[in-house]
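Here are some exercises on how two chains meet, each with a worked solution. Have a look at the model first, then try each task before reading on.

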There are 2 protein chains.
Amino acid sequence: MMARRGPRPAGGDTRQEILDAARAAFAESGYDRTTIRRVAADAAVDPALVHHYFGTKEDLFTASVSIPFPIAQSLPEMIGEDPANAGERLARFFFSIWEVPEAREALLGQLRHSLVTGEQPAIAGFISAAVLGRVAERMTGPDRELRAELVASHMLGVALLRYVVKMEPIASADPEQIIEMVAPRIQTYLT
Amino acid sequence: MMARRGPRPAGGDTRQEILDAARAAFAESGYDRTTIRRVAADAAVDPALVHHYFGTKEDLFTASVSIPFPIAQSLPEMIGEDPANAGERLARFFFSIWEVPEAREALLGQLRHSLVTGEQPAIAGFISAAVLGRVAERMTGPDRELRAELVASHMLGVALLRYVVKMEPIASADPEQIIEMVAPRIQTYLT
DNA sequence: GTACTATTTCAACAACTGTTGAAATAGAGG
DNA sequence: CCTCTATTTCAACAGTTGTTGAAATAGTAC
């Protein structure tokens, strides 16, 4: 039971295990209620080791909630050219990200953190920027940005009820059904 | 500077001042980042006095975020009978609550708390229950509840971006304009 | 004036937090 | 076999937190 010091016998990547434990903890309990001691315990490791690999708690958080794959790269092709069904593509893109477990944990961590600090969650700005840049370029008038943010608000709201609060039946619903229902309403904001 | 013990000279309602300070603090900083010492300092009072009036921190929070006026009473008449513009009335009701400063603080506290604990925010269940009970009674099919929650998700999402994150331009937009834009989309969920 | 009660502060505890410096260990390179 | 370096734990500090029990004060009822 008493773990000795020094390197581990086998070649398990301890650093990665810490990062995984941290991401899961931040997603489940948020920033403030996640203690470094608990992350260390989940990774079966001493708390000091967490500080050794990732510096401060804020640093660990930043490293934990960074999306592991290049979203920014896959977005543009997802949105595409055709403005007729841009709403559906946008919704499909958004929710398909959330269905990837690792990405979901990262996004949950980001969302929970931004809601306690009041910072803007990266996704929100990301969505509305994407809408503005690729879809709504031909939209005119002063409510251009407002419409983009309303799109973001709806998708974020769904993510909130489904993934954070886990309200039923929306939490257990088929993602495809949600996309099918949300997309038309988003589409009306874009045209 | 050194405040003596015993009752205050004038008839200021100290208990109420504590409650006001607590509501404002919970709304601004959330549950975890609001310390009892800070609430006490804002109310110009000793921390022990907070515990004397309201018991534990959780009790203080509960007392702080309870909506000060009877929403449940004014809701039914707000929703009304006519299903044609139920969406607009629902949106108007929802956002008019948020424009009352006291209520906004209480709702912000609830929302922030539920997002860190994962509990269901009272408003969310409230909205979808209202939709189910008064508006969507003639709706059939298995997606009845889902539609109701999608309505709640959109309005909550707007509240999130507008009041919590304070994203521009939605944060400074005229409430009437937001209602005007959101209502039609909500309406499509109801019919 | 005296006794009482509600109000308010004082002082402190016990628990938990992030963080740090040093010591011990195991394996790799010579 | 010796040395070095990366890895891991140990032990502790310094700050903050919610909470508590007792003491002091002011007003009120007798």
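**Exercise 1. Work out whether the two copies meet through the same surface.**

Solution. Start with the overlap: 100% of the interface residues of chain A are also interface residues in chain B, so the copies meet through the same surface. Contact here has a plain cut-off, namely C-beta atoms, placed from the backbone, within 7 Å. Before going on, some housekeeping: this is a predicted model, where local features need pLDDT of at least 70, side-chain atom pairs count only at pLDDT 80 or more, and totals for chains, interfaces and linings use all residues. Residues are numbered from 1 along each chain as its sequence is written, while chains are lettered from A and ligands numbered from 1 in the order in which they are written.

**Exercise 2. Find the operation that lays chain A on chain B.**

Solution. Superpose by least squares on the C-alpha atoms of residues with pLDDT of at least 70 in both copies. You get a turn of 180° with a shift of 0.0 Å along the axis, and the RMSD is 0.1 Å. That is the relation of a two-fold axis.

**Exercise 3. Take stock of the side of chain A that touches chain B.**

Solution. Count first: 33 residues of chain A are in contact with 33 residues of chain B. Next, ask which elements give two or more residues to that side of chain A: they are α7, α9 (144–164) and α10 (175–190) of chain A. Helices are DSSP runs (H or I, at least four residues), numbered from the N terminus. The biggest giver is α9(A), with 13 residues. Finally, sort by class: 19 nonpolar, 8 polar and 6 charged residues. For the sorting, Ala, Val, Leu, Ile, Met, Phe, Trp, Tyr, Cys and Pro count as nonpolar, Asp, Glu, Lys and Arg as charged, and the others, Gly among them, as polar.

**Exercise 4. Describe how α9(A) packs on α9(B).**

Solution. Get the geometry: the angle is about 115° and the axes are 7 Å apart. The axes are lines fitted to C-alpha atoms, for helices over the stretch in contact, and angles run from 0 to 180 degrees between N-to-C directions. Then the hand: α9(A) passes α9(B) in a right-handed crossing. (A crossing is right-handed if the near helix is turned clockwise from the far one by less than a right angle, and left-handed if anticlockwise.) Now the residues: those in α9(A) include A:L150, A:H154 and A:L161, and those in α9(B) include B:L150, B:H154 and B:L161. This contact divides into 12 nonpolar, 6 polar and 2 charged residues.

**Exercise 5. Do the same for α7(A) and α7(B).**

Solution. Both helices span residues 101–117, and they pack at an angle of about 150° with their axes 10 Å apart. That makes α7(A) roughly antiparallel to α7(B). (Angles under 35 degrees count as roughly parallel, over 145 as roughly antiparallel, 65 to 115 as roughly perpendicular and the rest as oblique.) The crossing of α7(A) past α7(B) is left-handed. On one side you find A:R112, A:L115 and A:V116, which meet B:R112, B:L115 and B:V116 on the other. By class, that contact has 4 nonpolar, no polar and 2 charged residues.

**Exercise 6. Locate the cis peptide bonds at A:P169 and B:P169.**

Solution. In chain A, the cis bond joins A:E168 and A:P169, with omega about 10°. A:P169 sits in the loop between α9 and α10 of chain A. In chain B, the cis bond joins B:E168 and B:P169, with omega about 5°, and B:P169 is in the loop between α9 (144–164) and α10 (175–190) of chain B.

**Exercise 7. Check how confident the predictor is in chain A.**

Solution. Use pLDDT, the predictor's confidence in each residue, from 0 to 100. Chain A averages 85, and 79% of the residues score at least 70. The low end is helix α5 (residues 71–79) of chain A, at a mean of 62, and the high end is helix α2 (residues 36–42) of chain A, at 97.
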